[in-house]
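User: Could you take a close look at one helix for me? I'd like to hear how it sits among its neighbours and what its residues are up to.

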Amino acid sequence: MTSRISRLVVAFVATAGATLGVTVANPSPASAAMTICYNTSQAGSFGGVANQAASIWNNATSNLTLSANCGNNLRIYSITGGGSYAVRTSLGNGRVYIDTQQAAQYSPLRIMSHEIGHILGLPDNYNGNCSLLMSGGSAGTSCTNPYPSTAEANRVTNLFAGTRVSGEDARSTGSQVFPDSWPAVLAPIG
């Protein structure tokens with residue numbers, strides 16, 4: 001009975017706040033984190049790389065935990081040809097495809113971290129800056145940085161806290177395909 005009354009009070013306060021244009025924050029403990037379960041059963045040799053990328057994101061964000069093989073929020077696949085890409089179905093859910101040919105040319109860990117970044121709500125940024133993870137392949141084959149910048153990590157933290165920067169459109173967290181993050185594989189000379 002007490003929990004039902006508590007839920008009714010919370011619903012009333014939220015409704016009253018919304019009617020008055022007031023946002024009611026629901027703070028959670030700093031240790032609370034949303035868990036995204038990723039599945040590497042189809043990742044082939046990239047399973048270990050996926051675990052490294054998950055660790056990078058876990059250390060970069062404060063309210064998000066990527067956990068291996070506990071479910072299927074994020075499925076990771078190894079493919080040959082066609083390029084590496086991500087398909088986000090909703091924030092924290094989707095598929096990542098790592099192209100073995102591109103991973104032979106670019107850093108596999110950078111590719112994996114970048115593509116997971118899309119699942120976590122980040123768009124591409126083709127500015128060629130190696131310090132920005134979401135610049136992807138535009139930074140060139142010599143760029144091996146697999147770490148999100150502070151701004152990229154903060155954006156993901158904010159998205160998972162439910163706080164969004166004003167002016168963002170629904171595409172930042174909704175269903176979207178992210179093709180062509182990495183330039184085409186260079187053909188061998190000769």
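Analyst: Here is a walk along helix H5, with a stop at one of its charged residues. Keep in mind that this is a predicted model.

H5 covers residues 150–161, so at 1.5 Å a residue its 12 residues should span 16 Å, and the end C-alpha atoms are indeed 16 Å apart. Now for what's tucked away: Glu152, Ala153, Val156, Thr157, Leu159 and Phe160 are buried. Looking down the axis of H5, you'd find these buried residues within an arc of 160 degrees, so they line one face of the helix. That fits the general pattern: an α-helix has 3.6 residues a turn, so residues three or four places apart point the same way.

What does the buried side of H5 lean on? Its buried residues pack against strand S1 (34–42), helix H2 (47–60) and strand S2 (64–68). Flip to the face turned away from that buried side, and you meet the exposed residues Thr150 and Ala151. Just past the end of H5, Gly162 adopts a positive phi of about 85 degrees.

Glu152 deserves its own stop. This residue of H5 is buried yet makes no salt bridge. Arg110 is the nearest side chain of opposite charge, and it is 7.3 Å away; a salt bridge would need the side-chain nitrogen within 4 Å of a carboxyl oxygen. What the Glu152 side chain does reach is the backbone nitrogen of Leu133, at 3.1 Å. Leaving aside residues up to four places away in sequence, Glu152 touches Leu122, Leu132, Leu133, Met134 and Tyr147. Leu133 thus turns up both among those contacts and as the backbone partner of the Glu152 side chain.

Conventions: Residues are numbered from 1 along each chain as its sequence is written. This is a predicted model: local features need pLDDT of at least 70, side-chain atom pairs count only at pLDDT 80 or more; totals for chains, interfaces and linings use all residues. Side-chain values use heavy atoms; hydrogens and water are left out. Helices (H or I, at least four residues) and strands (E, at least two) are DSSP runs, numbered from the N terminus. The expected span of a helix is 1.5 Å times one less than its number of residues. Buried means under 20% relative accessible area, exposed over 50%, partly exposed in between (1.4 Å probe, protein chains only). The arc is that of the directions from the helix axis to the C-beta atoms. Contact means heavy atoms within 4.5 Å. Lys and Arg count as positive and Asp and Glu as negative; His and the chain ends are not counted. A polar contact is a pair of N or O atoms within 3.5 Å; within protein, one must be able to donate a hydrogen and the other to accept it, and residues adjacent in sequence count only if both atoms are side-chain atoms.
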